[in-house]
Amino acid sequence: MILPLLALAAVQTNVQPGDVARLRACTELVRTAPQQAADNANAWLAEPGASRLFARRCLGLAYTALEQWAAAATVYQQAARDAETSNDPARAGFKVQEGNAWLAAGDAQHALQALDAALASPNISQELRGQAHLDRARVQVALGQADRARQDIDRALQLVPADGFAWYLSAALARRANDQARALTDIARARALAPDNPDVLLLAGTMVGQAGNMAEAERLYRRVVELAPDSEAGRAAAASLATVREVEVPAPAAPAPAQPTPPSR
């Protein structure tokens, strides 16, 4: 999960006047013109006396919006090194961002190294530690290490028990392990904490559909399409809805032909 960069900026030390406002302007530009935001961030980095950490935040966010994942990971890696040099507590957050970017780039090994480094940071907050464990669980799944993924998720649930995404990941992993009881319990917790999250509702719909409750599955799929029609979850829900509609209800059996009345004697 990509962490909010302005929130991460709040823990950075030696902030120069105007840096936060400039970063905020960058994040706004990323929404409409990510390539221009990247160009601006590179120009910012070249300025004498520039806040390199803030400029790299901007550049990493722009590369993320452009889905240039390896470039984003490299930027966050450089930012983490700069933060370490200046003993800045923002280092752990940069390593988490780096791990996410490497995972999106399909490089699970580098993602694991970055997240291990984040978790080893002495000044990482409880919330960020929980998020790092969640992200490392996703990496472990990509590496085929389901048992290690379960350990990370269970630790995350202890650290961030109010995080609906954590319960969603736990339910998904339990389902992969054929632990249906835990999957159902955890997806219920996820829905309670994140009732309008499309990914949560999609998984819930799939699970109730497999349990035979097609009416509830269709209701949940429709809700996903309403909430996020252009998202990956929305497209998957639309495809599942089409499948539900194609299921034909068997026609009632034809009545047996009437038997002739025997003649009276």
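N178 is found in the loop between α10 and α11 (180-193) of this predicted model. The backbone of N178 has a positive phi of about 60°, although N178 is not a glycine. Most residues other than glycine have a negative phi. The relative accessible area of N178 is 63%. N178 is therefore exposed, as the value is over 50%.

A second asparagine, N87, also has a positive phi, here about 55°, and is likewise not a glycine. N87 lies in the loop between α5 (69-85) and α6 (91-104). With a relative accessible area of 66%, N87 is exposed.

These loops belong to a helical chain. The secondary structure comes to 14 helices and 0 strands. Read along the sequence, the pattern is α-α-α-α-α-α-α-α-α-α-α-α-α-α. The chain has 265 residues, of which 43% count as buried. Contacts were also sorted by separation in sequence. Among those between residues at least 6 apart, 50% join residues at least 24 apart.

Helix α10, which precedes the loop of N178, packs against helix α8. Two packed helices are described by the angle between their axes and the distance between the axes. For α8 (residues 126-142) and α10 (residues 164-176), the angle is about 25° and the axes are 11 Å apart. Because the angle falls under 35 degrees, α8 counts as roughly parallel to α10. The crossing of α8 past α10 is left-handed. On the α8 side, the contact is made by L134, R138 and V141. On the α10 side, F165, A166, L169, L173 and R176 take part. By residue class, the contact of α8 with α10 holds 6 nonpolar, no polar and 2 charged residues. R138 of α8 and R176 of α10 are among the contact residues, and arginine counts as charged.

Further along the chain, A194 lies in the loop between α11 and α12 (198-210). In contrast to the exposed N178, A194 is buried, with a relative accessibility of 17%. The cut-off for buried is under 20%, so A194 meets it. Neighbours within four places in sequence were set aside. A194 is then in contact with G164 and V200. G164 falls within the residue range of α10 (residues 164-176), and V200 within that of α12 (198-210). The C-alpha atoms of A194 and A162 are separated by 9.5 Å. A194 and A162 are 32 residues apart along the chain.

Elsewhere in the chain, two cysteines are linked. A disulfide is a covalent bond between the sulfur atoms of two cysteines. The count in this model comes to 1 disulfide. C26 and C58 form the link, with their sulfur atoms 1.9 Å apart. The angle about the S-S bond is 90°, and the link of C26 and C58 is right-handed. The pair joins distant parts of the chain, 32 residues apart. C26 sits in helix α2 (residues 19-32), and C58 sits in helix α4 (residues 52-65). Both cysteines are buried. C26 has a relative accessibility of 6%, and C58 has a relative accessible area of 2%. Each value is under 20%, so C26 and C58 count as buried.

Methods
Residues numbered from 1 in each chain as written. Predicted model: local features only at pLDDT ≥ 70, side-chain atom pairs only at ≥ 80, totals over all residues. Heavy atoms only, no water. Disulfide = S-S within 2.5 Å. Helix = DSSP H or I, 4+ residues; strand = E, 2+ residues; numbered from the N terminus. Buried < 20%, exposed > 50% of the residue type's maximum accessible area, 1.4 Å probe, protein only. Axes fitted to C-alpha atoms, helices over the stretch in contact; angles between N-to-C directions. Parallel < 35°, antiparallel > 145°, perpendicular 65-115°, else oblique. Left-handed = near helix turned anticlockwise from the far one by under 90°. Contact = heavy atoms within 4.5 Å.
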